Structures are given as structure tokens and as C-alpha cells.
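Q: I have a structure open and would like to learn how to read its features one at a time. Where should I begin?

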Amino acid sequence: MNKNSGNASFFAKLKAWPLLLPVVSLILVMAVNIIHDAATGINPLSFFIITLNETTNSGSILYGRIIDILNRGSEVAILALGMTLVVSSSAGTDISVGSVMSLAASFCCMLLAGYGVSSTNELAVPLVVGVLGAFLMGALCGVFNGTLVAYLQIQPMVATLILYSAARAIGLLLCNDLIVYVRNPSFAYFGSFTGPIPTPIIIAAVCIAIVALMLSKTSLGMYIQSVGINSKASRIAGLNSKRIIFMTYVICGLFAGVAGLVNSSRITSADSNNVGLYYEMDAILAVALGGNSLGGGKFNLAGSIIGAYTIQAITTTLYALGVSTDQAPVFKAIIVILIVAIQSAPLRAYFRKRSAAKALAGREAAKA
Amino acid sequence: MNEKVKSAKKLNSNTLLLLITIGLFIVLYVAGCAAYSSKGFAHLQTFLNILITNAGLICIACGLTVVMLTAGIDISVGSLVAMDCMMLAVGMEKGMGAVPMCILVLLVGLAFGLVQGYLIGYLEIQPFIVTMAGMFFGRGMTAVICTDQVSIKESTNATFYQWANAKIIIPFGGYLNKKGAYMAPFIRVTVIVAIVVLILVFLMLRYTKFGRALYAIGGSEQSATMMGLNVKRVKMMAYVLSSFLCSIGGICYCLNTMAGSVRAALGLEMDAISSAVIGGTLLTGGVGNVIGTFFGVLINGTISSIVKSNGKLASSWPNILTAALLFLFIVIQSIFAALRTRKK
């Protein structure tokens, strides 16, 4: 930023670093953990300890708070990938992801158990059909959202509000108003362990790798950003803006389907009312925490991913501090408002004015 | 001159939307009467019951209409209602009076709206983000107050109980029940509150400076600023009004359910938004009025009464149908908008 001053100070460089916000928040959360541990008399560094524990049914598995955060944060990380692209291309957020997760999970379990069956040990169809069903349902929801946003030009959040409320209801309908249990080890695999590593971590890593590859090997990332910065100019430059926005919603829906599969596999059931509850908030928070502007345009995928795990770290810490699942949103809401308030144009203008005044005063003092 | 022609055309398509809404309500209601007349759908009381169950929603949807006129949105209303109900239930259990608790709830509503309005008006943050945070904040605060379901009984607070159960008899339109006794149709206090709110908001939008400023800002924020309106302030006041009306609606809602729980009024924001949209309020701002919204609420109410009268349909159907209607009206709106820009 500070090009005219030849030897930019370390702080100026740090200030311009895009990952500043997520990394600082992550460090803050760790600090809270360490202090809390020290205060309650546990080894202050227990946050970082990873051990290999023997269990009776899954063999030896990795165990530790970091592993737990990485494991539990997988869904948010997966959702954050799609959400980052959506925010970038359309300057709006997809608030239906949590409900779409639930719908995909319900559809998957309905396929695996058969319609109207509430509990099963045997799969009614091959596992792969159920998994593809979840992905397909997610992508289908993405197509619906994308059509409304890109082709009918409805504000993204209003368009996704439709599925936000309807998807859970449709899921309940698919499950015949029941909670469908699929108690089969092959289905539980997605939420359990591969060797010593929790499978969700691997799934999240694969998704991240796919998106990273797609963005680095093709020019899709650049296209998305250019549409987000100015969709009219991009169209004139020869990009099909509408199709690009549409695609980001489909990708987002697809990842919501993946996250739904992982989430329902963890509990080996599809509970329409509770799968993915409040996840849209976490995903949006991850994007905002990652230093991305919710006003669209440039995005930073690494930031979103660190943001996602930071959210999970915050959630885990809140639970450790004795805050219940229902109460946790209060803190997240305050955090999201603080972040967006800091990013808001009037406040930034105010800070810029202040730092400019300071610099001016400094220069005048040097002259005198 | 050109302006006049344009505004006349705009008015036409908007009146058309309102007419579609009223027509849809009549069609739905007549269909309900025809299909379920044996279950008493045709009685005046069924219509009054729709009003009674949706009295809170009418107040909330009026607030949302005000906000949507400025091209904003408020999705925090559902959880604010949950918070109101919980505050009322817990407060009265702790021995507070009905009137002080209601005043407290209204004050909390004002404060809630003030914070949201400041963030949206003065810090220029997207309304959706702010009110979504408000939604989670409200729901979370409800859980902070109490995580159990708390119900209000006569023993908890006699005054509040009396308010909830007072019947206001209407002198006409009664019917004889199976035993031959005359059943007089009645409404509850909440309906009168809702109607008063509806009329006041209607008059405010039509005849006050603030009301006209809302339309101006929704039409074009830039021109409103150039006209010398204090856009930031008006926007903030819109959210304050929305949260305040939502609190009135919350009290009405609580008088209906007589309980507070974390899961109360889940998805109510959706009903309120869809009522306003179905009633012809444009999501892009500047167009709409509360009469349309009132009919939007009635349509929502009719759908759920039809589903209830049927008795065999799954409980999730009203949700899906409301979403489907919202979808339909949003698409109609966007088609109208596209036609209008093409004409220009």
C-alpha cells in the first residue's frame, strides 16, 4: 500500500497482509483457550497436544483439541468454499446452505432407507446412489438459487430465503415427518475415521484441493472476481456474467450437499429440523472473518478456510466455557457485526481520515 | 409530462399486483369454503379465527412493509418475537405485572431496532447481514434468558390471562351448533390491536412526512438525498419502527400462545416477508402499502387453515406453500420490473 515510503515498516506490511484478520482471530481464540486452561489448572498447552488413542471399535485414532476442531469444522470449511465464490460473484450471501444441507441429508437417508422407513440397518440401494443423491439434491438447490439470482436478477438473500424456509419442510416431507436412522457402518464412514484420521478432515481437504486447483488451473477465479467487481463491464469484455454467477450458486449448493452428507453421517441419521442448523451463519461468518468483503469482488480462499476453522475454534471454546448450543449464536452474532462494522465504508473512511491527519501532523512536526 | 405517463403506468402494474393478491385471497377462501363447508369453514368465525391467530403477524408484517419500502429487509423479527415471548413468560413468572412487562418488551424492541437501524443507516452495512445477526442474537438471547418452555397460566398473571381470554362478541353472523345453541362470533383483544396498528401505519405512510420519505428513499436513494432528505436518519427510523411493531406483534403472539420457548415463532420472518411481497410490496423498494400486506397475511392464514381443515396433510405443507407463493410473486415482480425497464 505504502509505495512512496521506500522501506515500508514491518507494521505497514503486516497491515496489508490479507490474512491478517483471520490469523489474528485464530491466535486470539488460542490465547483464550490457554488462559482458560491455566485458570482451571490444566496444562496450559493442552490445546496443542495430539495423542494417538486406542479405541475398541475404530482402532487407534488421533485425539486432541486441534483434531477435534479440524474434524468438527469440516462442514463449515466446505460450506465456506462455496460461500466465498457466491459472495464474490454476486455481492450477496446464500442463506439457504444450512437448510440445503438438511434437505440433502434427508434425501440421501430416504434413498438409503427407502421411503417411510424410520430405521434401518440394511441399505435399500447401493451407498453410491445415496451419496450421489445428496450431491445431486445440493446441486439442484444451487440451480434453483442460481436461476433466481442470475437470470431473474432477484437479490441473492431474498432468493435464497425461499429455500431457507422451504428446504427443511421439503426434507421433512421426504422423510415422512420422521427422523430416519441409517445404522450401517458403510454410511457412518463419512463421519468416522479413515485409519487414525477423521474422514471429514479428508473430505474437507479434498474439496479444498479441488477448488484450489480449479481456481489456479483455470481462469474461473479471475472471471468470478471480475463479475463481482463490475458485472456490466465483464459482460462487455465478453464474459457471460449471468452464467458465472449461476455457476457459483450451483457450486455452493453442491458443497452444501457434501456438508449435509458428512453431517448426517456423523449421527447416522437425517433429522430435518436439526441438521445444518445455524450453519449458514457460520459459513457467512467464515467468509467475513477471512477478510473478504461481503460487498463482492476480490476474494481470498485461504482466508475463508482459516476463518472457518477459527469459527469452529470459537464454538468449541464457547462450549468449553459452558455456553450451550442455543446460546452460542449470541456471541457469533456480536462477532459478525463487529467484523462487518469495521469493514463498513463510513468507518473505514473515518479511520483513513484520522491516519491521514496523523501523517500530516507528523510531517509538519518533522518540518518544524 | 413523460414523468406523469410513466408514474401512471407504474401505478397500473402495482394496482394490478394488489388486485391479483385480493383475487387470490377470494379464490382461496371460496375454494376452502366449498371444500370444507362441512367442517364449518364457511362460518364467519373461521375468518375471525384467521384474524385472531394472525394478529401478531399483521403487526409484524406492517413493520416489514415499512422496512421493505426503503429497499431493506428485516429477518430478525421471528427471533425478536421469541425473545419477547420468553421475556413476558419469565418476567411474569418472577412476579412482574403485565403492564410493566409489556412496556419493557416494547422498550427492548426500540433498543433492538435502534442498534440495527444505526448499523444499517449510519454504517451502511447490508440490511440482510445486520438483521441476520439480529436474528441469531435474538434466538440466542432467548436461550440465555431461559432454555425451557415456560407457559403463562392464570396463576402466573391473572391480568395477562384475562387479556388473552377476553372475548369481544360480534352481534351478527352467528350460527347454531350441533346441539342447537347459538354460537356468537367473537374476536380477541389482539385483533383490535392489529387493526389499530394497520390503520395507523396506513395513515402514517400516506399522510406524514416520514411516510413519504420512506417511499422517496425506496424509489431512489440518490434523488432522496438530493431532495434534502436525511436518508440515514429515515432508514434508521424505519428499522426502529419495524422492531417496535414487531414487539407489539410479539405481545399479541404471546397472548395467543401463552408460552415462551427457544423454538417459538420459528420461520415467522418468512411468513411476514412473504405476506408483504404477496401484498405487492416490491423487494426493490418504493412500492407497496399495508392494505396489500394485510391481504398477504390473510392468504397465508387461509392456506394454513385449509391445511388444518384437511387434517391429513403433513405439517410442513403450509411452509412449502408459503415459500412457493413467495417464489411465484417474486417471479411476477421481476417480470414486471423487466417489462418496465424495457419500456424505458
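Q: How far does helix 11 of chain B reach from its first C-alpha to its last?

A: This is a predicted model. The expected span of a helix comes from a rise of 1.5 Å a residue. Helix 11 of chain B covers residues 231–257, 27 residues in total, and reaches 38 Å, close to the expected 39 Å. Just after helix 11, B:Met258 has a positive phi of about 55°.

Q: Is helix 11 of chain B mostly covered or exposed?

A: Burial is judged by counting neighbours: a residue is buried if 20 or more other C-beta atoms lie within 10 Å of its own. By that count, 21 of the 27 residues of helix 11 in chain B are buried, so the helix is mostly covered. Across chain B, buried residues make up 49% of the 344.

Q: What radius of gyration does chain B have, and what would a compact globule have?

A: A compact globule of 344 residues would have a radius near 20 Å, and chain B, at 21 Å, agrees with that. Its C-alpha atoms fill a box of roughly 65 × 50 × 35 Å along the principal axes. Chain B contains 14 helices and six strands.

Q: How many residues does each chain bring to the contact between chains A and B?

A: Chain A brings 35 residues and chain B brings 36. On the chain A side, helix 7 (156–174), helix 15 (328–343) and helix 16 (345–367) each supply at least two residues. Helix 7 of chain A gives the most, with 10 residues. The chain A side divides into 26 nonpolar, six polar and three charged residues.

Notes:
Residues are numbered from 1 along each chain as its sequence is written. Chains are lettered from A and ligands numbered from 1 in the order in which they are written. This is a predicted model: local features need pLDDT of at least 70, side-chain atom pairs count only at pLDDT 80 or more; totals for chains, interfaces and linings use all residues. Helices (H or I, at least four residues) and strands (E, at least two) are DSSP runs, numbered from the N terminus. The radius of gyration is taken over C-alpha atoms; the globule rule is 2.2 Å times the number of residues to the power 0.38. A residue is buried if 20 or more other C-beta atoms lie within 10 Å of its own, exposed if 12 or fewer, and partly exposed in between; C-beta atoms are placed from the backbone. The expected span of a helix is 1.5 Å times one less than its number of residues. Two residues are in contact if their C-beta atoms, placed from the backbone, lie within 7 Å. Ala, Val, Leu, Ile, Met, Phe, Trp, Tyr, Cys and Pro count as nonpolar, Asp, Glu, Lys and Arg as charged, and the others, Gly among them, as polar.
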